[in-house]
Amino acid sequence: MYWTRIAVCAVGLSLSAPALAQDRQIRVVNPTEYDKAVRAARAGDTIVLANGVWRDFRILFSGRGTADKPITLTTETKGGVILSGQSNLRLAGTHLVVSGLVFRDGYSPTGDVIAFRRTTGDYASNSRVTEVVIDRYNKPDRRAQDNWVSIYGTDNRIDHSHFEGKTNAGVTLAVIRPKGEPGPNRARIDHNYFGHRPPLGANGGETIRIGTSDESLSDSASIVERNIFERTDGEVEIISIKSGANVLRENLVLSSQGAFVLRHGNGNLVERNVFLGNGVANSAGIRVINRDQTVRDNYLEGLAGRDLKSALSVMNGVPDSAINRYHQVANARIHNNSILDVARVTLAAGADAERSAAPVGSRFERNLVSGASGSDPFTAPGEIGGIAFAGNVQARVAKPLLSEGVTQADLTLERAANGLLYPTDPALADIGAPRDLKPVTRSEVGVNWYKPVAAAAFGSGRTVSLSPGQSIADAVAGLDDGGTVALAPGRYTVARAIPVTRTVTLRGAGDPAPTVTLSDGGFLDIAGGGGVAVEGLAFRAEAATRPAIAVTPGMTGNYRIAFDRVIVSLGAGQDVITLAPGTFADEIRIADSRFVGARSVVAAAGETTGRGYYPVERLVIADSHFARVGMITDLLRGGTDESTFGPFAHVTGSTVTDSGQGGVSLRLSGAQQVRVTGNRFERSGPVEVVHSVGTPDTQVTGNTFVATPAPVVRELMHEGRPRGVFVPNQMEQAR
Ligand code: CA
């Protein structure tokens with residue numbers, strides 16, 4: 001039985017309706033009590049979940065409240081209820097309010113964590129979700145898709161909530177506009193904190209999407225305002241607008257890869273947003289496509305992205321475009337933006353044989369522009385006669401691209417009390433972003449009662465000392481997150497691979513380094529978020545076929561691997577590290593290490609879906625030695641998707657001998673940035689670089705190739721000369 005009591009005013013449930021005498025609070029302690037309470041709920045009632053962990057609780061919250069007397073679902077105390085396992089929430093009805101829930105330590109069994117609908121067509125309206133947290137609540141295979149929040153229906157709001165650490169496919173927060181339902185949603189998304197979203201490594205990593213192309217020519221009329229986006233790096237679209245008449249206003253975007261993209265739909269307004277890129281690679285601002293878009297009074301500073309990831313880009317369209325391609329820009333109004341210290345402002349962006357329709361009837365006025373390092377940020381790969389320039393001011397460059405309507409000036413800028421730069425010259429008062437911008441602060445967004453469970457840094461936990469004869473597996477099992485096992489000099493044996501489910505460091509002391517013999521070839525299995533650092537250790541196995549370090553398919557969350565001063569000796573059929581499809585490493589870093597034998601040091605070509613997924617964002621190999629290795633790495637990012645930024649692959653300062661014989665010694669396929677510099681290859685197979693989509697940035701320079709063929713570059717899509725820099729390198733004959 002549940003109990004009821006008379007609510008007293010100001011009991012702390014300030015988010016519910018004004019508490020009237022007859023409003024009931026119903027406390028429930030299990031799902032059965034909850035179901036009974038929600039079926040009996042009347043307008044004005046509040047259902048209170050008892051504090052604790054609710055596992056596998058699939059909440060259906062339905063009912064009909066009124067504007068004055070909503071039905072509320074909340075928690076005993078804020079943050080006191082954790083929904084874990086396979087929990088989720090559906091809302092259906094009218095005037096519902098949900099607050100205080102935390103989703104953590106699990107994942108939704110369906111396509112949404114929070115959905116504003118019960119089933120197809122049965123939506124919530126005039127409802128609000130406020131002060132909820134979704135923290136790393138990810139499906140185990142990151143290619144399996146869900147939305148953390150799916151807003152259906154009309155006049156719904158999500159506010160003051162905290163979203164962080166989505167690593168699987170799917171939008172963090174989507175306004176869903178199903179085919180055949182072109183009506184306005186009037187969703188309001190405000191005062192939320194969107195925290196770190198690591199690169200997905202494929203399309204489908206947007207933080208917010210409003211609509212899809214099907215109904216994109218009708219208006220959603222949704223508002224996204226005063227949210228913070230911090231390191232929302234999922235893909236090139238932080239916000240993807242695919243409908244009309246939306247407003248993106250006064251948001252703050254910090255150190256994030258990607259842009260607000262007006263991908264489909266007309267008549268959207270982007271105003272008074274603040275983008276601070278802090279020079280982060282691929283940090284972008286606003287991308288304009290379609291008709292009647294207004295971009296005004298925004299402040300964009302320190303954005304390093306180029307091309308479609310420019311601080312501001314105005315795209316070329318496709319003539320008679322299909323609904324899901326690129327409609328021509330017409331009647332764009334771009335004015336009073338400050339675009340400072342940025343790499344690029346790209347007009348007629350993406351111009352090519354298909355995207356041949358230049359912007360028309362558009363105006364670019366009273367903007368204040370300066371390029372990074374005194375460069376001219378303006379670039380126009382196509383015709384820009386359809387954009388009228390007037391009253392703009394640009395920091396002086398020697399040979400500006402634009403002369404009409406853009407005045408060159410010796411700008412002096414000063415930070416105002418709001419933290420933003422403004423010109424000191426009073427004559428420029430009407431140029432650029434307005435003085436009254438008030439960037440939203442961290443305390444205005446999200447919740448103040450929740451601390452996310454961030455991955456521990458290597459070496460941040462306690463250290464456990466180990467001597468020969470003791471079990472490394474037992475020591476690892478007893479570590480706290482971020483802990484270190486310090487191995488004294490001597491010999492150790494690992495009977496079978498040790499599961500690693502947290503952040504773990506294995507550190508050897510002494511010279512020679514402690515040596516670990518791998519009985520069946522297995523050393524470490526990365527089976528959960530976190531990762532492993534190995535320092536000052538030697539490990540060896542012979543005639544084994546199992547990878548020494550494996551990543552468990554279906555593990556949740558991203559991970560890292562770091563090798564420093566590691567000496568590895570393996571058989572010719574064994575990989576040092578094998579990456580599993582459906583998993584993702586933020587970084588694999590190998591430094592000052594030595595490898596003898598082994599089929600491959602980093603086997604990273606297993607992701608063969610062709611949907612653009614790849615297994616590691618940054619692969620860094622430096623100052624290491626490879627002898628008689630099959631391949632140093634075989635890294636594959638397949639497919640033609642252009643939504644992501646990586647992978648980045650750097651191999652520097654290393655020596656490679658008698659490796660890759662009969663094949664290639666190093667293959668980097670589909671990487672967006674390649675640096676193979678300052679290495680020495682002897683009697684080895686060539687380096688092979690394969691370019692697919694995007695604008696790969698490849699440098700293979702300063703290497704010495706002794707009795708080793710010259711590097712090979714292959715272009716899969718690009719026509720014309722192969723891209724990249726391949727000189728100078730030194731070619732020598734065998735001695
Ligand atoms: Ca996308």
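1. A quick convention to start: a residue is buried when its relative accessible area is under 20%, exposed over 50%, and partly exposed in between (1.4 Å probe, protein chains only). Glu235 counts as buried because its relative accessibility is 0%, and Glu237, at 7%, counts as buried too.

2. Please keep in mind that this is a predicted model, where local features need pLDDT of at least 70, side-chain atom pairs count only at pLDDT 80 or more, and totals for chains, interfaces and linings use all residues. Residues are numbered from 1 along each chain as its sequence is written, and side-chain values use heavy atoms, with hydrogens and water left out.

3. Both glutamates belong to the calcium site: the ion's protein donors are Asn203 (OD1), Glu206 (OE), Glu235 (OE, listed twice) and Glu237 (OE), at 2.3 to 2.7 Å. Donors here are N, O and S atoms within 2.8 Å of the metal (3.2 Å for Na, K and Ca); water is not among the atoms, so sites may look incomplete. Along the chain, the calcium donors are spaced as N-x2-E-x28-E-x1-E.

4. Asn367 also deserves a look: at 0% relative accessibility it counts as buried. Setting aside neighbours within four places in sequence, its contacts (heavy atoms within 4.5 Å) include Ile334, His335, Gly391 and Ile431.

5. For the whole chain, buried residues make up 58% of the 735 residues. Of the contacts with a separation of 6 or more, 73% are between residues 24 or more positions apart. The C-alpha trace spans about 90 × 75 × 45 Å along its principal axes.
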